[in-house]
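Reader: Please take one part of this structure and go through it closely. I would like a connected account rather than a list.

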Amino acid sequence: MTDAAIPRFTGDASPYAGGDPYADHRTADFPFTHLVDLADRRLGAGVIAANDEFFAERENLLKPGPAVFDPEHFGHKGKIMDGWETRRRRGVSAAEPHPTPDDHDWALVRLGAPGVIRGIVLDTAHFRGNYPQAVSVEGASLPGSPSPEDLLAPDVKWTTLVPRTPVGGHAANGFAVDAEQRFTHLRINQHPDGGIARLRVYGEVAPDPAWLTALGTFDLAALENGGQVEDASDRFYSPATNTIQPGRSRKMDDGWETRRRRDRGNDWIRYRLAAQSEIRAVEIDTAYLKGNSAGWAALSVRDGEDGDWSEVLPRTRLQPDTNHRFVLDAPVRATHVRIDIFPDGGISRLRLYGSLTDEGAAGLAARHRELGG
């Protein structure tokens, strides 16, 4: 992936003229947005510190969904924006009223799951004339739960992921990242000041093998444990990745739902597990899918990229808004899993409980070392 393929937006957007505020929002189809958002609040991400949030709170950066704009929403400090916005920087005197080239504002972000970052989007939606002139992003990897003071210590190594780059107002500013390392935290810099509506950090979860080994039995498909969706037949209403998010679904669009089929086929999702594993139990949840849940489901597994698919759960009737549990007759070794639903509809979550094989644990540990873990 090369940065040359990523569209660039610079300069002010036109002042808001009424109507749909997103009508003139500048965006693009970035080549990495199919990956998991490592800064998703559902995974436990947070904005843990910022040097300034005078106009709008730092926590807004990670809110789900697009930023909302209300032209009539003002408070005691001025226009209330759905993003992170700092005050205007000033120079040191009347003779030097402008900030220096090095002046900038920053926010520290804890990723919800440590991982390898493939792309970052800093969206300045609705910040039309009050966006930063440029942005930069750095990444660090620290064990445990470091405090802001720990992260700002002089001995912490920060790696530049996005060099200082001009950005545009009211635009989704996307950046491909080429750093084959495992990161736990980011430092978002805006030069010299301004506002950013949303931050999205796309990549691949790189779990801690020691933690998974200590757990013993865990959900082998869960995003937070390194599982991922490789492909799906349909993503019309909601992403297939929702099925391996933490926790139970809390509303209909928090699961996976396909469009209505008018042929004789069926829909499916293919997953890659955290590593080679032995699966012992399965949960298929249709929570909040009541008139649109899948009618039946079947589960197949494969061991290795070129292995043959074998069915471990035959086509089974599903009930709406219900968590279905299945104990397999014997542990099943697999690296990939495919769920087929018939004929269409959706499921909210898929859980695959088991443990790593010796080979899987060794491979995961080797990858962890390669990434600097």
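Author: What follows is a close look at helix α3 and its surroundings, in a predicted model. Helix α3 runs over residues 358-370, which makes 13 residues. From the first C-alpha to the last, α3 reaches 19 Å, close to the 18 Å expected at 1.5 Å a residue.

Which residues of α3 are buried? They are G360, L364 and H368, where buried stands for under 20% relative accessible area. These three cover an arc of only 75° around the axis, and therefore lie on the same side of α3. The spacing fits a general rule: an α-helix has 3.6 residues a turn, so residues three or four places apart point the same way.

The buried residues of α3 pack against three elements: α2 (209-215), β16 (267-285) and β21 (349-356). On the face turned away from the buried side, α3 carries the exposed residues D358, E359, R369 and E370. Here exposed stands for over 50% relative accessible area. After α3 comes G372, with a positive phi near 85°.

As for empty space, a search of the whole structure finds 1 cavity of 30 Å³ or more. The volume of the largest cavity is about 130 Å³. Its lining includes H34, L35, V36 and T241. The elements giving two or more residues to that lining are β12 (198-205) and β14 (228-232), with the largest share, 3 residues, coming from β12. By type, the lining residues divide into 5 nonpolar, 6 polar and 1 charged.

Definitions and conventions. Residues are numbered from 1 along each chain as its sequence is written. This is a predicted model: local features need pLDDT of at least 70, side-chain atom pairs count only at pLDDT 80 or more; totals for chains, interfaces and linings use all residues. Side-chain values use heavy atoms; hydrogens and water are left out. Helices (H or I, at least four residues) and strands (E, at least two) are DSSP runs, numbered from the N terminus. The expected span of a helix is 1.5 Å times one less than its number of residues. Buried means under 20% relative accessible area, exposed over 50%, partly exposed in between (1.4 Å probe, protein chains only). The arc is that of the directions from the helix axis to the C-beta atoms. Contact means heavy atoms within 4.5 Å. On a 1 Å grid over the protein atoms alone, a cavity is a set of points where a 1.4 Å probe fits but cannot get out, and a pocket is an open set with protein on both sides within 12 Å along at least five of seven lines; lining residues have an atom within 4 Å of a point. Grid points are joined across faces, edges and corners, and a volume is the space filled by probe spheres set on the points. Ala, Val, Leu, Ile, Met, Phe, Trp, Tyr, Cys and Pro count as nonpolar, Asp, Glu, Lys and Arg as charged, and the others, Gly among them, as polar.
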